[in-house]
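Good morning, and thank you for joining. I shall present one protein model, with attention to its salt bridges and to a few individual residues. Please look at the sequence and the structure as they appear.

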Amino acid sequence: MSSGVAARRDAKKLVRSPSGLRMVPEHRAFGSPFGLEEPQWVPDKECPRCMQCDAKFDFITRKHHCRRCGKCFCDRCCSQKVPLRRMCFVDPVRQCADCALVSHREAEFYDKQLKVLLSGATFLVTFGDSEKPETMVCRLSSNQRCLILDGDSHHEIEIAHICTVQILTEGFTPGAGSTRAAGMLLQYTVPGAEAVAQLRLAAGEDAHGSKRQAAAWLAAMHKATKLLYESRDQ
């Protein structure tokens, strides 16, 4: 990929919406697959009362819209201002209690697990029916749109083309609290091909003892997959 194309993919612009300032990709097609679209606000005329506590709106009890769900609430039920990175808001925005709780949980992904995915980890990678795995570093691209695998060969898989992700564990019986992620089975579509492609990642040991790093990367990818499915179901 040329530096010019890469720069266009990473280019961002500042836009103002009724909900606040957002730093969004200059080209919509290059947005993060984990992103969420801004919701349509419930029209003021359709919400004479708070949609949580049923308080009647008047001159004193003002109405506020949650920036995540778009529903209408009184100040008491929609007072929290929480970062909403999945919608690219620059500053924390007003959210109802339920949405604020979800956004707080997602903040851990952006503060911790996303950094792990961007840093990458070393795996033994097996493509399709091949019997010979290849040692590769797997990481998430800076624009969060691709999984990049580098070894003797180079592969890029668009996150949006991933169909299923299965985390493989090792240790005692699942649920006993002693298992840990040891690999990942990933299925994805390839443009122009009818069949679904597959690859397997297995955490291996290298000179730097990276198995723990690989396990952390797999756990972060599991969380990312949940966010990806939520984005598709929006």
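Let me begin with a question: does R94 count as buried or exposed? At 16% relative accessibility, R94 counts as buried, where buried means under 20% relative accessible area, exposed means over 50%, and partly exposed lies in between, with a 1.4 Å probe and protein chains only.

A word on the basis of these values. This is a predicted model, in which local features need pLDDT of at least 70 and side-chain atom pairs count only at pLDDT 80 or more, whereas totals for chains, interfaces and linings use all residues. Residues are numbered from 1 along each chain as its sequence is written, and side-chain values use heavy atoms, with hydrogens and water left out.

Now the overall picture. The protein chain contains 3 helices and 13 strands; these are DSSP runs numbered from the N terminus, helices being H or I of at least four residues and strands E of at least two. Of the 234 residues in the protein chain, 38% are buried. The chain exposes about 13800 Å², and carbon and sulfur atoms supply 51% of that area, as given by the Shrake-Rupley method with a 1.4 Å probe; for residues, only the protein chains shown count as cover. Among contacts with a separation of 6 or more, 44% are between residues 24 or more positions apart, a contact being heavy atoms within 4.5 Å.

I turn to the salt bridges. The structure holds 5 of them, each defined as a side-chain nitrogen of Lys or Arg within 4 Å of a carboxyl oxygen of Asp or Glu. R94 takes part in one with D75, the closest N and O atoms being 3.1 Å apart. Because D75 lies in the loop between β4 and β5 (80–82) and R94 in strand β6 (residues 93–95), this pair ties together parts 19 residues apart in sequence. Unlike its buried partner, D75 is partly exposed, at 42% relative accessibility.

A second pair is E106 with R68, at 2.8 Å from N to O. E106 sits in helix α2 (residues 97–119) and R68 in the loop between β3 (63–65) and β4 (72–74), so parts 38 residues apart in sequence are tied together. Both partners are buried: E106 has a relative accessibility of 5%, and R68 has 13%.

Helix α2 also carries D111, which bridges to R85 in the loop between β5 and β6, so the pair ties together parts 26 residues apart in sequence. The N to O distance is 2.7 Å. Here D111 is partly exposed at 35%, and R85 is partly exposed at 39%. Salt bridges with shared partners also join R68, R86 and E106 into one network.

Next, the region around strand β8. R139 is found in this strand and is partly exposed, at 31% relative accessibility. Its C-alpha atom is separated by 3.9 Å from that of G120, 19 residues apart along the chain. Beyond neighbours within four places in sequence, the contacts of R139 include L118, C146, I148 and W217. S141 is in the loop between β8 (134–140) and β9 (146–150), and is buried at 8%. Leaving out residues up to four places away, S141 touches L118, C146 and I148.

Finally, a hairpin. Strands β1 and β2 form one with 2 residues between them. The pairing of β1 (residues 12–17) with β2 (residues 20–25) is antiparallel over 6 bridges; DSSP must find at least two bridges for strands to pair. Within this hairpin, S17 stands opposite G20 in β2.
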